[in-house]
Amino acid sequence: MRLTVKDFVLRERGVELFTIKGLKSGTTFLFDDRASFPEVIHAVEEELARAKGFFRDSPVVLHFGERNLQKDEWRQLKEILHREGLLLRYAVAATEKSRDLLYREGLPVREELIVAAQEKKTVQPEAPEYPTALYLRRSLRSGQKHVFNGDVVLVGDVNQGAEIIAGGDTIVFGTLRGVVHAGYPDNPSAVVVALNLMPLQLRIGPYIACAEEGQLNPRAQRPEVARVKDERIIIEPYQGKL
């Protein structure tokens with residue numbers, strides 16, 4: 001479904017509650033981070049009711065600005081959005097507290113909007129100068145966490161309780177028993193490769209897979225690759241190419 005959403009603003013008593021923007025990167029709900037959140041929720045509910053299913057099955061981005069979102073606020077909003085059939089792509093939140101809350105609630109989160117190539121052309125004409133891969137030559141213990149915007153290559157083990165969040169691929173030359181989120185927040189083309197793949201939880205883009213009871217038992221060690229196929233994460237032997 002392709003939306004042609006015009007930008008419009010929901011106001012109450014002169015206060016902008018939220019704006020719906022039809023960006024190239026997708027329909028985006030921008031919530032005023034200074035407005036009362038109960039009023040924001042009420043305005044969203046009213047607008048979606050008025051839209052009569054226009055946004056159903058449409059992927060949307062939620063932009064919370066600098067608001068420190070509370071768990072009960074998020075769950076109220078999520079219930080309304082799910083009830084109306086919206087598909088949540090990812091959220092944008094400026095504060096670490098909100099990002100952490102939303103991530104733990106299972107929603108991919110970013111610090112800023114993903115700018116589509118056509119929109120990006122006018123604001124960022126030059127290639128980024130930050131590194132695209134992080135190389136680590138050590139094991140990660142329980143409680144250790146690495147977050148990187150590109151690919152992560154680790155020579156060592158990722159033990160239970162350790163975590164890697166990568167914007168691109170994750171390659172582990174060792175045993176992976178912890179949690180990995182590759183393609184964060186919504187890149188389903190990312191892959192996870194490990195010499196011994198035994199993760200408690202694996203995320204690739206918006207997809208999640210958890211180890212079931214018995215799956216962590218020792219088995220023949222061999223390199224394996226995890227990737228998204230038919231909207232689910234599959235694990236298969238690594239055949240020397242991705």
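This is a guided tour of a predicted model, moving from two helices to two sheets and ending at a loop.

**First stop: helix H1**

Begin by selecting residues 37–51, which form helix H1. With 15 residues at 1.5 Å a residue, this helix should span 21 Å, and since its end C-alpha atoms are 21 Å apart, the model agrees with that expectation. Now colour the buried residues of H1, which are Phe37, Val40, Ile41, Ala43, Val44, Glu47 and Leu48. If you turn the view until you look down the axis of H1, these buried residues fall within an arc of 160°, so they line one face of the helix. On the other side of H1 you will find Pro38 and Arg50, both of which are exposed. Before leaving, step just past the end of H1 to glycine 53, where phi is positive at about 85°.

**Second stop: helix H2**

Next select residues 71–83, the 13 residues of helix H2. The expected span at 1.5 Å a residue is 18 Å, and the end C-alpha atoms of H2 are 18 Å apart, which agrees. The residues to highlight as buried in H2 are Glu73, Trp74, Leu77, Ile80 and Leu81. Seen down the axis of H2, they fall within an arc of 130°, so here too the buried residues line one face of the helix. The face of H2 turned away from this buried side carries Asp72 and Glu79, which are exposed. Just after H2 comes glycine 85, which takes a positive phi of about 80°.

**Third stop: where H1 and H2 meet**

Keep both helices on display and ask how their axes lie: at what angle do H1 and H2 cross? Their axes come within 10 Å and cross at roughly 0°, and H1 and H2 are therefore roughly parallel to each other. To see the contact itself, show the side chains of Phe37, Ile41, Val44, Glu45 and Leu48 in H1, which meet Glu73, Gln76, Leu77, Ile80, Leu81 and Arg83 in H2. Several of these residues have already appeared on the tour: Phe37, Ile41, Val44 and Leu48 are among the buried residues of H1, while Glu73, Leu77, Ile80 and Leu81 are among those of H2.

**Fourth stop: the six-stranded sheet**

Now bring up the open sheet of six strands, whose order is E7-E9-E11-E13-E16-E17 and whose pairing is mixed. Its edges are strand E7 (133–136) and strand E17 (232–237), each of which pairs on one side only. Neighbouring strands of this sheet are turned by 25° against each other on average, direction ignored.

Walk across part of the sheet by selecting strand E11, residues 170–176, which runs parallel to E13 and is joined to it by five bridges; within this pair, valine 172 stands opposite alanine 194 in E13. Strand E13 itself covers residues 192–197 and is mostly covered, with five of its six residues buried. Continue to E16, which is joined to E13 by three bridges in an antiparallel arrangement, and where valine 225 stands opposite valine 193. Valine 225 also has a bridge partner in E17, namely glutamate 236. Strand E16 (residues 224–229) and E17 run antiparallel, with six bridges between them.

**Fifth stop: the five-stranded sheet**

Hide that sheet and show the open sheet of five strands, ordered E8-E10-E12-E14-E15, again with mixed pairing. Strand E8 (145–148) and strand E15 (207–210) stand at its edges, each with a single partner strand, so one side of each is left without a neighbour in the sheet. Here neighbouring strands are turned by 5° against each other on average, direction ignored. For a closer view, select strand E10 (residues 163–166) together with strand E12 (residues 179–182), which pair in the parallel sense over three bridges; isoleucine 164 stands opposite valine 180 in E12.

**Last stop: the loop between E16 and E17**

Finally, return to the six-stranded sheet and select aspartate 230, which lies in the loop between E16 and E17. Its phi is near 50°, a positive value in a residue other than glycine. Is aspartate 230 buried or exposed? Because its relative accessibility is 69%, aspartate 230 counts as exposed, the cut-off for that term being over 50%. Glutamate 231 has its place in the loop between E16 and E17 as well, and has a positive phi of about 65° although it is not a glycine. Glutamate 231 is also exposed, with a relative accessible area of 63%.

Notes. Residues are numbered from 1 along each chain as its sequence is written. This is a predicted model: local features need pLDDT of at least 70, side-chain atom pairs count only at pLDDT 80 or more; totals for chains, interfaces and linings use all residues. Side-chain values use heavy atoms; hydrogens and water are left out. Helices (H or I, at least four residues) and strands (E, at least two) are DSSP runs, numbered from the N terminus. The expected span of a helix is 1.5 Å times one less than its number of residues. Buried means under 20% relative accessible area, exposed over 50%, partly exposed in between (1.4 Å probe, protein chains only). The arc is that of the directions from the helix axis to the C-beta atoms. Two strands pair if DSSP finds at least two bridges between them. Axes are lines fitted to C-alpha atoms, for helices over the stretch in contact, and angles run from 0 to 180 degrees between N-to-C directions. Angles under 35 degrees count as roughly parallel, over 145 as roughly antiparallel, 65 to 115 as roughly perpendicular and the rest as oblique. Contact means heavy atoms within 4.5 Å.
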